[in-house]
Amino acid sequence: MELYKGRPECTSNRLDKEIRVYDLLDKLEIGYERTDHEEASTMELCNEIDKVLEVVICKNLFLCNRQKTNFYLLMMPGDKKFKTKELSKQINSARLSFADAEDMEKYLDITPGSVSIMGLMNDKENAVQLLVDEDVLKDEYIGCHPCINTSSLKLKTADVFEKYLPAVGHEARIVHLLGED
C-alpha cells in the first residue's frame, strides 16, 4: 500500500460514487491523503491501512429504530466497543439495531463494509442523523472510506466538521460512549 496526496490520476476503474467524493473534497478545498487496497474486510487489513495513513479509521455504524423511521450514522473510535443500550439512552430511541443494506444504499449510496461519513453527501433529504462519539473529535485526523472500502482517506478532523458537514447540510450530535462491559 502506498500513500497518495489527493485523487487518483486514473479514474476509469473507479465507481462514480467514489469519484463524487473526490470531486466534492476538491471543490471544498479539503486536502486529503489516500491509500488504495483490497477490500477492507478483516481487522488485520484495517490495522495495515491505519499504519499507512497514520490514523485510526473510525468505526461507522448505520443504525435505525425498530420502526425504521429514524436512521443514524454513528462514528466512533475503531477500538471502542459499541453498546446499544448506552447510545439508546442518550438519543431517546429504544430498540436500536443495525439498518439493512437496502436502507444503507437508499440513504447513503453505500454498501455494507463501506459505511462512511462521506455517504452523507448522498443524503439530500437529511434522513440520517450523524452521531459522533466525543473521542473522535480529540484526534487531529479522521480516517474513512470514500464510499467504497477499497480506498481509505485521511482528512483533518476540523475540515470534516467545519467544511464538509456544512456543505452537505448535516450537523453532528456529539455523544459520550464508554464502550465498557
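**Exercise 1. Find how many salt bridges the whole structure holds, then place three of them.**

A search of the whole structure finds 15 salt bridges. A salt bridge here is a side-chain nitrogen of Lys or Arg within 4 Å of a carboxyl oxygen of Asp or Glu. Side chains of opposite charge can pair when their charged atoms come close.

Note the ground rules. The model is predicted, local features need pLDDT of at least 70, side-chain atom pairs count only at pLDDT 80 or more, and totals for chains, interfaces and linings use all residues. Residues are numbered from 1 along each chain as its sequence is written, and side-chain values use heavy atoms, with hydrogens and water left out.

Step 1. Take D26 and R7. Their closest N and O atoms are 2.6 Å apart, in a salt bridge. D26 sits in helix α1 and R7 in the loop between β1 and α1, so the pair ties together parts that are 19 residues apart in sequence. Helices (H or I, at least four residues) and strands (E, at least two) are DSSP runs, numbered from the N terminus.

Step 2. Take R20 and D16. Their side chains meet in a salt bridge at 2.7 Å, N to O. Both residues lie in helix α1, four residues apart, about one turn of the helix.

Step 3. Take K138 and D135. Their closest N and O atoms are 2.8 Å apart, in a salt bridge. Elsewhere, salt bridges that share partners join R14, E18, R34 and D36 into one network.

**Exercise 2. Sort these paired residues: exposed or partly exposed?**

Step 1. Fix the cut-offs. Buried means under 20% relative accessible area, exposed over 50%, partly exposed in between (1.4 Å probe, protein chains only).

Step 2. Apply them.
- D26, at 35%, is partly exposed.
- R7, at 28%, is partly exposed.
- R20, at 27%, is partly exposed.
- D16, at 52%, is exposed.
- K138, at 64%, is exposed.
- D135, at 23%, is partly exposed.

**Exercise 3. Describe the surroundings of D26.**

Step 1. List its contacts (heavy atoms within 4.5 Å). Not counting residues up to four places away in sequence, D26 touches R7 and Y32.

Step 2. Compare sequence with space. D26 and G6 are 20 residues apart in sequence, and 8.3 Å apart in space, C-alpha to C-alpha.

**Exercise 4. State which residue is the nearest side chain of opposite charge to K17.**

Step 1. Locate K17. It lies in helix α1 (residues 16–27).

Step 2. Check its charge partner. Lys and Arg count as positive and Asp and Glu as negative; His and the chain ends are not counted. K17 is buried yet has no salt bridge; D109 is the nearest side chain of opposite charge, 4.2 Å away.

Step 3. Look at the backbone too. The backbone oxygen of D109 lies 3.4 Å from a polar atom of the K17 side chain.

Step 4. Add the contacts. Leaving aside neighbours within four places in sequence, K17 touches residues including E105, I110 and P146.

**Exercise 5. Give the strand order of the open sheet, and place the helices on it.**

Step 1. Order the strands. The four run β1-β2-β8-β7, with antiparallel pairing. Two strands pair if DSSP finds at least two bridges between them.

Step 2. Find the edges. β1 (4–5) and β7 (141–144) each have a single partner strand, so one side of each is left without a neighbour in the sheet.

Step 3. Inspect one pair. Two bridges join β1 to strand β2 (residues 32–36). K5 has E33 of β2 as its bridge partner.

Step 4. Add the helices. Axes are lines fitted to C-alpha atoms, for helices over the stretch in contact, and angles run from 0 to 180 degrees between N-to-C directions. α1 lies across β2 and β8 (151–156), at about 20° to β8. Helix α5 (residues 157–167) touches β7 and β8, and its direction makes about 80° with that of β8.

Methods. A polar contact is a pair of N or O atoms within 3.5 Å; within protein, one must be able to donate a hydrogen and the other to accept it, and residues adjacent in sequence count only if both atoms are side-chain atoms.
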